[in-house]
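The following exercises concern a single structure, shown below. Please attempt each task before reading its solution.

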Amino acid sequence: MKKGFLWGGAVAAHQLEGGYRESGKGLSVADVMIAGGNGVEREITEGIIEGKNYPNHEAINFYASYKEDIALFAEMGFKCFRTSIAWSRIFPEGDELTPNEDGLKFYDDLFDTCLKHGIEPVITLSHFEMPYGLVTKYGGFRNRKCIDFFVRFAKTCFERFKNKVTYWMTFNEINNQANYNRDFTVFTNSGLFFKPGENREEIMYNAAHYELVASALAVKIGHEINPNFKIGCMAAMCPIYPYSCSAKDMMYHTSAMQKRYWFIDVHVRGVYPEYIKKYFERKNFNIDITESDTQILKNGCVDYIGFSYYMSYVVKDLGKGPNYDYDEDTDLADNPYLEKTAWGWAIDPEGLRYSLNWMYDRYMLPLFIVENGMGAYDTVQADGEIHDQYRIDYLKAHIQQVELCAEIDGVDIIGYTPWGCIDLVSAGSGEMEKRYGFIYVDKDNNGNGTLKRSKKDSFYWYQKVIATNGAEL
Ligand code: BGP
């Protein structure tokens, strides 16, 4: 890969820190979600209910062990480490006027530890962990006031860490909520929950608009604080293929891609694309886009696109023309060419190359692969070793595609940070046993275990990949 390519790993605060009441932290949306399972949605509770299993409360207790864990990342040769700042550690309720100094201090120490090892922190501001106080008092991002709360949080972080962090992202996987029927996506993206009879889709578009405005304001302020900042958006990239070469399937694919990726269009270009404006009109949606918002969006375009890549989807035309309105719950088909993980996620390395090309052609901005990986069940052998060849195979196949893409297609790729470089709590299912890590953490789905860390085979493999800058896979 090119010189200075950022090899590393990615996590999010709520999925590994634990310490959910330490350093004056308030509750976040992740703190009121109980564990689900493979194929079982997580339940969102009203506050914390005694006796339920909330896996994010302790997670893997990185809050206490970050120094040792970062030393292990350094041993693998990480050039960067992507994590997030728990918003509720800095503004416990979300609407305070002054930040919580103890929370800021924690991230000072964390980033200093990274830098000491020559690891560059790559930071997401809001990764599925908005303060729960903003949900109960304001209804989350259905309320315009959340723009100001987010901007205050972003500004505080930019000012405090301006000499420690260069790469930032505003909202993690902002486009997950395109699937607005799923409680998990709208709650974790925007702190939304609904009353019966409400128009979920319209409310989602409004909330997403406020987030896009908040993001654009943050980008502008960030660049004023430090002109060297690189501030990106972050989207979940699951390319949606047409089921066949029928023109109708192809049109449906186009429309589905628009519905899932218009968020990036706004982040990058600073304007709403015509297709989505037409959609709002057709649906009679009243989205609160003011004149001043329009200006703000134009003045806060992102510097790069961060994205996760796990799988691809397929859509099949169900006779929905001429509108081709995509519904992720009903319109997806199986791809007969692809295998799936134990959680049913299609394994598609070439899809990563396709995605990189699709985004680079469309946006002409540098791209950062900030998540990729395969959740799998690992087995610890009697001698304590963990032979995770399946993980190595998955990552190797994907990195090969990234290399082809850089060499042959000429796409500008900043770096690659596989997801969950240390085992952590699954966002979607709340399981511990859906493992992604190079480092095993002794803890099961019920919260039992010593939290001891062990190196898997993939640890040594990835160490070699980084040492050879991707030449030896
Ligand atoms: C992305 C999220 C991460 C992460 C990952 C894997 O959607 O940004 O937070 O968890 O997916 O998903 P899961 O944890 O559900 O396996």
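**Exercise 1.** Determine whether Tyr313 is buried or exposed, and state in which strand Tyr313 is found.

*Solution.* Step 1: Tyr313 has a relative accessible area of 16%. Step 2: buried means under 20% relative accessible area, exposed over 50%, and partly exposed in between (1.4 Å probe, protein chains only). Tyr313 is therefore buried. Step 3: Tyr313 belongs to strand β8, where helices (H or I, at least four residues) and strands (E, at least two) are DSSP runs, numbered from the N terminus. Step 4: Glu328 follows 15 residues from Tyr313 in sequence, and the two C-alpha atoms are 9.5 Å apart in space.

The model is predicted: local features need pLDDT of at least 70 and side-chain atom pairs count only at pLDDT 80 or more, while totals for chains, interfaces and linings use all residues. Residues are numbered from 1 along each chain as its sequence is written, and side-chain values use heavy atoms, with hydrogens and water left out.

**Exercise 2.** Assign Tyr354 and Val151 to their helices and classify the accessibility of each residue.

*Solution.* Step 1: Tyr354 is placed in helix α12, and Val151 in helix α6, which spans residues 145-160. Step 2: Tyr354 has 30% relative accessibility, so this residue counts as partly exposed. Val151, with a relative accessible area of 13%, is buried. Step 3: for each residue, consider a partner distant in sequence. Tyr354 and Cys405 are 51 residues apart along the chain, with 8.6 Å between their C-alpha atoms. Val151 and Ala216 are 65 residues apart in sequence, and their C-alpha atoms are 9.5 Å apart.

**Exercise 3.** Which residues are the closest to the ligand, and how does the shell divide by residue class?

*Solution.* Step 1: the ligand is surrounded by 14 residues, and the closest are Gln15, Glu173, Ala427, Lys434 and Tyr436; a residue is near a molecule if one of its heavy atoms lies within 4 Å of it. Step 2: the shell holds six nonpolar, five polar and three charged residues. In this scheme Ala, Val, Leu, Ile, Met, Phe, Trp, Tyr, Cys and Pro count as nonpolar, Asp, Glu, Lys and Arg as charged, and the others, Gly among them, as polar.

**Exercise 4.** Which atoms of Gln15, Lys434 and Gly428 lie at short range from ligand oxygen atoms?

*Solution.* Step 1: in Gln15, a side-chain N or O atom is 2.7 Å from an oxygen atom of the ligand. Step 2: the side chain of Lys434 likewise places an N or O atom 2.7 Å from a ligand oxygen. Step 3: for Gly428, a backbone N or O atom lies 2.8 Å from an oxygen atom of the ligand. Step 4: on its own the ligand has 370 Å² of accessible area, and the protein covers 93% of this (Shrake-Rupley method with a 1.4 Å probe; for residues, only the protein chains shown count as cover).

**Exercise 5.** Locate Ser429 and identify the side chain that Ser429 contacts.

*Solution.* Step 1: Ser429 is in the loop between β10 (413-416) and β11 (439-441). Step 2: the relative accessible area of Ser429 is 5%, so Ser429 is buried. Step 3: the side chains of Ser429 and Glu431 are joined by a polar contact of 2.5 Å. A polar contact is a pair of N or O atoms within 3.5 Å; within protein, one must be able to donate a hydrogen and the other to accept it, and residues adjacent in sequence count only if both atoms are side-chain atoms.

**Exercise 6.** Describe the backbone geometry at Asn61, Leu451 and Pro322.

*Solution.* Step 1: Asn61 is not a glycine, yet its phi is positive, near 55 degrees. Asn61 lies in the loop between α1 (13-16) and α2 (62-76) and is partly exposed at 26% relative accessible area. Step 2: Leu451, also not a glycine, has a positive phi of about 70 degrees. Leu451 is in the loop between β11 and β12 (453-455) and counts as buried at 16% relative accessibility. Step 3: the peptide bond from Gly321 to Pro322 is cis, with omega near 0 degrees. Pro322 is in the loop between β8 (313-315) and α12 (349-363).
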